[in-house]
Amino acid sequence: MNELAVYENKTAEEKRYIVFNVGKEIYGIDVTCVNTIIQMPIITRVPSAPNCFSGIINLRGEIISVMSLNKRLNSNMDTFTKDTRVIILDLGNGSLMGVIVDGVREVMIIDETDIEDPSPFLKEGESLVRGVAKKGDELISILEVTALIKREIA
């Protein structure tokens, strides 16, 4: 009997990224930071919260803060469609946070050597974008999850 072995040709420098849209832009987040992806739930607003903070949700009995990436990245208003999703991020230490995106495209393997610095004009630590990957004709801005929450929210 012949056995067929399937090997994934993935080098140590390749990582998986969730690729999604916010407005017309394409972004990616390392899948190791992603807990789950859900359809748009009912969000409870919180008074006097920062503009990009959409509110809180109850996910399987856990209260989770939700941020609008559209407002955080572009200062645009949210437009919810059937494709709108909330990516639940694992921030470590059991902390979760949701980010609203306009649509999830795919999980993509990107070699770390294919990710370039976003711009020589940005100072390190001032950008939410860790780097930019090119796949075909598209540019994918790779977000730094810790910068999304640690940087002062306007």
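1. R130 is partly exposed in this predicted model, at 32% relative accessibility. The side chain of R130 meets that of E112 in a salt bridge, with 3.3 Å from N to O. The pair links distant parts of the chain, 18 residues apart: R130 belongs to strand β10 (residues 129-135), while E112 sits in the loop between β8 and β9 (115-116). E112 is likewise partly exposed, with a relative accessible area of 23%.

2. The structure holds 4 salt bridges in total. Side chains of opposite charge can pair when their charged atoms come close. A second example joins E138 and R105, for which the N to O distance is 2.9 Å. E138 lies in strand β11 (residues 138-143) and R105 in strand β8 (residues 103-111), so this salt bridge ties together parts that are 33 residues apart in sequence. Both partners are partly exposed: the relative accessibility of E138 is 31%, and R105 has a relative accessible area of 36%.

3. Another of the salt bridges is formed by K82 and D83, whose closest N and O atoms are 3.5 Å apart. K82 is exposed, with 70% relative accessible area. D83 is partly exposed, its value being 39%.

4. D78 deserves separate comment. Which side chain of opposite charge is nearest to D78? The answer is K71, at 4.4 Å; D78 is buried and has no salt bridge. Since a salt bridge requires the nitrogen to be within 4 Å of a carboxyl oxygen, the 4.4 Å separation from K71 is not counted as one. The side chain of D78 does make a polar contact with the side chain of S68, at 2.8 Å. D78 is located in the loop between α1 (69-74) and β6. Leaving aside residues up to four places away in sequence, D78 touches S54, S68, N70 and K71.

5. As to overall architecture, the chain contains 2 helices and 11 strands. Read from the N terminus, the order of elements is β-β-β-β-β-α-β-β-β-β-β-β-α. Of the contacts with a separation of 6 or more, 54% are between residues 24 or more positions apart.

6. Of the 154 residues in the chain, 38% are buried. The accessible surface of the chain amounts to about 9900 Å², and carbon and sulfur atoms account for 48% of that surface.

7. In soluble globular proteins, nonpolar side chains tend to be buried together. Here the largest nonpolar core has 22 residues, and those touching the most other members are F20, I29, L69, I87, L89, V99 and L143. Two or more residues of this core come from each of β1 (14-22), β2 (25-30), β6 (85-92), β7 (95-101), β10 and α2 (145-150).

8. F20 illustrates how the core draws on separate stretches of sequence. Which residues does F20 touch, not counting those up to four places away in sequence? They are E25, I26, Y27, G28, I29, L69, I87, V101, G103, V104, R105 and L143. One of these, R105, is also the salt-bridge partner of E138. I29, L69, I87 and L143, which F20 touches, are named together with F20 among the core residues that touch the most other members.

9. M40 is placed in the loop between β3 (34-39) and β4. At 25% relative accessibility, M40 counts as partly exposed. The C-alpha atoms of M40 and V86 are 6.0 Å apart, although 46 residues separate the two along the chain. The residues that M40 touches, not counting those up to four places away in sequence, are F80, T84, V86 and I100.

10. Two residues merit a check of their backbone angles. R60 is not a glycine, yet has a positive phi of about 50°. R60 lies in the loop between β4 (53-59) and β5 (62-68) and is exposed, at 66% relative accessibility. N93 also has a positive phi, near 55°, in a residue other than glycine. N93 is situated in the loop between β6 and β7, and N93 counts as exposed with a relative accessibility of 84%.

How values were computed. Residues numbered from 1 in each chain as written. Predicted model: local features only at pLDDT ≥ 70, side-chain atom pairs only at ≥ 80, totals over all residues. Heavy atoms only, no water. Buried < 20%, exposed > 50% of the residue type's maximum accessible area, 1.4 Å probe, protein only. Helix = DSSP H or I, 4+ residues; strand = E, 2+ residues; numbered from the N terminus. Contact = heavy atoms within 4.5 Å. Areas by Shrake-Rupley, 256 points an atom, 1.4 Å probe, with all protein chains shown as cover. Core = buried A, V, L, I, M, F, W, Y, C linked by side-chain atoms within 4.5 Å. Lys, Arg positive; Asp, Glu negative; His and termini not counted. Polar contact = N/O pair within 3.5 Å; in protein donor to acceptor, adjacent residues only side chain to side chain.
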